[in-house]
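Please look through the sequence and the structure below before you begin. The exercises that follow go from the whole chain to single residues, and each one is worked through in steps.

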Amino acid sequence: MKAISCLEPGRLAMIDAPEPAASEDDVVVDVKRIGICGTDLHAYRGNQPFFAYPRILGHELSGIVRSAGARVEGLRPGDQVAVMPYLHCGECIACRRGKTNCCTRMQVLGVHVDGGMRERIAVSASHLIRTNGLTLDQSAVLEPLGIGAHAVRRSGLQAGDTVLVVGAGPIGLGVMAMAKRRGAAVIAMDINEERLSFCRSWARADACVNALREPEQALLELTNGEMPTVVFDATGSARSMEGAFRYPAHGGTLVFVGLVKSSIAFDDPEFHKRELTLMGSRNATKEDFDAVTEAIAAGDIDVSSFITHRASFDDMIPQFETWLKPESKTIKAMVEL
Ligand SMILES: NC(=O)c1ccc[n+]([C@@H]2O[C@H](COP(=O)([O-])OP(=O)(O)OC[C@H]3O[C@@H](n4cnc5c(N)ncnc54)[C@H](O)[C@@H]3O)[C@@H](O)[C@H]2O)c1
Ligand SMILES: [Zn+2]
Ligand SMILES: [Zn+2]
């Protein structure tokens with residue numbers, strides 16, 4: 001079976017991999033779509049500190065059931081599935097409290113263990129969602145958009161809230177789309193004007209603010225001096241995350257969806273006078289995948305224009321480099337098998 005392995009930083013190679021070993025609880029899936037995201041690019045560049053090589057990347061997956069183990073119920077050969085790539089332990093303090101998305105022993109497919117850049121993969125039936133009503137492309141973006149759905153659900157935002165989403169990459173776009181669906185007015189902020197204009201058209205953002213041009217003043221003007229009640233930061237920039245403490249309204253919430261490998265410092269008076277609620281948001285759960293499925297089915301999320309670049313599995317390796325470059329203007333690249 002063909003697989004693409006990241007042998008070491010900067011080197012992807014087509015290899016001959018063994019067929020997946022499946023238990024009675026597993027389903028063997030013919031992989032059909034692999035979405036490419038920042039995590040794959042970081043792994044490829046070698047700036048994921050705890051990443052072990054060689055590794056088969058790929059965690060944004062959809063495919064068709066090839067065979068199901070003896071103990072699997074509800075999935076049959078021919079069913080279309082999306083993969084929930086967060087393999088949780090089921091026993092730790094987080095799992096026992098239903099927060100499987102932040103399991104203490106989390107193993108993510110394509111990150112901690114081999115992922116989906118291969119013709120077939122064995123996945124526990126508990127981590128598959130039947131998506132017969134969606135397209136393969138739509139099924140493969142449930143994962144990245146589910147990150148935004150999780151952050152929005154966690155924030156507790158209400159219809160009528162004015163929310164700010166800083167960072168208009170694929171993750172921030174998912175936050176915007178799901179916040180709009182919940183009835184919020186959305187202000188998008190980025191430093192990239194092209195991405196901001198995509199926010200207007202794709203996520204129907206109500207307003208856009210360039211973070212390089214007196215953003216605080218712009219937010220005051222857009223909110224009658226009150227500031228947004230919920231602020232999401234999806235930049236992966238420590239500077240932006242530190243600055244974001246100034247943006248929420250008094251009594252508001254700041255959600256860090258993006259992450260950095262460094263400390264974040266903040267000014268306590270700014271935090272305290274607002275009685276700010278600060279949250280991290282990690283991964284997603286089945287509820288979040290279901291919320292995205294419903295949003296797509298309702299026509300609230302246009303997956304076809306979210307996918308900006310495509311390649312076949314055999315042609316992926318040379319394309320991968322170009323997707324890394326900002327001038328390629330990639331939002332989501334999709335690999336097809
Ligand atoms: N919560 C999770 O479980 C989870 C899952 C996947 C990814 N992430 C994280 O989410 C973040 C975003 O991912 P992505 O794939 O959308 O990344 P991306 O790099 O495509 O998008 C980030 C955006 O932030 C903008 N930006 C950068 N610095 C800024 C600043 N100072 N002010 C305003 N905008 C700024 C960039 O122009 C870009 O448009 C990353 O940190 C990623 O690691 C989190
Ligand atoms: Zn991803
Ligand atoms: Zn656990």
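## The chain as a whole

The chain of this predicted model contains twelve helices and 17 strands.

**Exercise 1.** Decide how the radius of gyration of the chain compares with the value that the globule rule gives for 337 residues.

*Solution.* Begin with the radius of gyration, which is 20 Å, and set it beside the 20 Å from the globule rule for 337 residues; the two values are close, so the chain is as compact as a globular protein of that length. Next, consider the box that the C-alpha atoms fill along the principal axes, which is roughly 60 × 40 × 35 Å. Then turn to burial, where 44% of the 337 residues count as buried. Finally, take the contacts with a separation of 6 or more, and note that 67% of them come from residues 24 or more positions apart.

## The sheet and its helices

**Exercise 2.** Work out which strands stand at the edges of the open sheet of six strands, and which helices pack on this sheet.

*Solution.* Write down the strand order first, which is S12-S11-S10-S13-S14-S15, with parallel pairing. Strand S12 (207–210) and strand S15 (277–280) each have a single partner strand, so they are the edge strands, and one side of each is left without a neighbour in the sheet. The average turn between neighbouring strands of this sheet, with direction ignored, is 20°.

Now follow one pair in detail: strand S11 (residues 185–190) is joined to S12 in the parallel sense by four bridges, and Asp190 stands opposite Asn210 in S12. As for the helices, helix H5 (residues 170–181) packs on the sheet and touches strand S10 (162–166), S11 and S13, with a direction at about 170° to that of S10. Helix H4 (residues 142–155) lies across strand S13 (230–233), strand S14 (253–256) and S15, and it runs at about 155° to S14.

## The shell around ligand 1

**Exercise 3.** Describe the shell of residues around ligand 1, and find which element supplies the largest share of it.

*Solution.* The shell holds 28 residues, of which the closest are Gly167, Gly169, Gly236, Ser240 and Gly258. Sorted by kind, the shell has twelve nonpolar, twelve polar and four charged residues. At least two residues come from each of H5, S11 and helix H8 (238–243), and the largest share, three residues, belongs to H5.

## Single residues

**Exercise 4.** Determine whether Met227 and Asn283 are buried or exposed, and say what is notable about the phi of each.

*Solution.* Start from the general expectation that most residues other than glycine have a negative phi, and that most peptide bonds are trans. Met227, in the loop between helix H7 (215–222) and S13, has a positive phi of about 75° although it is not a glycine. Asn283, in the loop between S15 and helix H10 (286–297), also has a positive phi, near 55°. A residue counts as buried if 20 or more other C-beta atoms lie within 10 Å of its own. Met227 has 20 such neighbours, so it is buried, and Asn283 likewise has 20, so it is buried.

**Exercise 5.** Find which peptide bond is cis between Tyr53 and its partner, and decide whether Ser304 is buried or exposed.

*Solution.* The cis peptide bond joins Tyr53 and Pro54, with omega about -5°, and Pro54 is found in the loop between helix H1 (38–45) and strand S4 (60–68). Ser304 is placed in helix H11 (residues 303–306). Since 12 or fewer C-beta atoms within 10 Å make a residue exposed, Ser304, with 8 others in that range, is exposed.

Definitions and conventions. Residues are numbered from 1 along each chain as its sequence is written. Chains are lettered from A and ligands numbered from 1 in the order in which they are written. This is a predicted model: local features need pLDDT of at least 70, side-chain atom pairs count only at pLDDT 80 or more; totals for chains, interfaces and linings use all residues. Two strands pair if DSSP finds at least two bridges between them. Axes are lines fitted to C-alpha atoms, for helices over the stretch in contact, and angles run from 0 to 180 degrees between N-to-C directions. Two residues are in contact if their C-beta atoms, placed from the backbone, lie within 7 Å. A residue is near a molecule or strand if its C-beta atom, placed from the backbone, lies within 6 Å of it. Ala, Val, Leu, Ile, Met, Phe, Trp, Tyr, Cys and Pro count as nonpolar, Asp, Glu, Lys and Arg as charged, and the others, Gly among them, as polar. The radius of gyration is taken over C-alpha atoms; the globule rule is 2.2 Å times the number of residues to the power 0.38.
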